[in-house]
Amino acid sequence: MSKQLFSPEQIEQLQKNPHVLKVSERTITYADAFKSKFIDEYLAGKTPR
C-alpha cells in the first residue's frame, strides 16, 4: 500500500474522471466497465501506458 496521500486538488481532479467511482486520500476505486475494458485490452497485448 502506498504511503503517498492525494491532495484535495488531486482528489477533485480524479473525481471528474468518468472512469473513477470514488477517491479518498489513499485510494482510487475504478468503475467495473473501465476495469473490464482495461483487462480486455491488456490481454490483447496493449501495455498499461
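User: What makes the nonpolar surface patch in this model?

Analyst: Phe-38, Ile-39, Tyr-42 and Leu-43 make the patch, about 440 Å² of nonpolar surface. Keep in mind that the model is predicted.

User: Why can Phe-38 count towards a patch?

Analyst: A patch residue needs over 30% relative accessible area. Phe-38 has 37%, and Phe is on the list of nonpolar side chains. So Phe-38 passes that cut-off.

User: Why is Phe-38 called partly exposed?

Analyst: Buried means under 20%, exposed means over 50%, and partly exposed is in between. Phe-38 stands at 37%, so the label is partly exposed.

User: And why is Tyr-42 called partly exposed?

Analyst: The relative accessible area of Tyr-42 is 47%. Exposed would need over 50%, so Tyr-42 is partly exposed too.

User: Where do Phe-38 and Tyr-42 sit?

Analyst: Phe-38 is in helix H2. Tyr-42 is in H2 as well, which covers residues 32-43.

User: Why might residues on a helix point the same way?

Analyst: An α-helix has 3.6 residues a turn, so residues three or four places apart point the same way.

User: How do you know that the span of H2 agrees with what is expected?

Analyst: The rule is 1.5 Å times one less than the number of residues. H2 has twelve residues, so the expected span is 16 Å. The end C-alpha atoms are 17 Å apart, which agrees.

User: What follows H2, and what is its phi?

Analyst: Gly-45 follows H2. Its phi is positive, near 110 degrees.

User: How far is Phe-38 from Pro-48?

Analyst: They are ten residues apart in sequence. In space, C-alpha to C-alpha, the distance is 8.1 Å.

Key:
Residues are numbered from 1 along each chain as its sequence is written. This is a predicted model: local features need pLDDT of at least 70, side-chain atom pairs count only at pLDDT 80 or more; totals for chains, interfaces and linings use all residues. Side-chain values use heavy atoms; hydrogens and water are left out. Patches are made of residues with over 30% relative accessible area and no salt bridge: like charges are joined within 9 Å, nonpolar side chains (Val, Leu, Ile, Met, Phe, Trp, Tyr) within 5 Å. Accessible areas come from the Shrake-Rupley method with a 1.4 Å probe; for residues, only the protein chains shown count as cover. A salt bridge is a side-chain nitrogen of Lys or Arg within 4 Å of a carboxyl oxygen of Asp or Glu. Helices (H or I, at least four residues) and strands (E, at least two) are DSSP runs, numbered from the N terminus. Buried means under 20% relative accessible area, exposed over 50%, partly exposed in between (1.4 Å probe, protein chains only).
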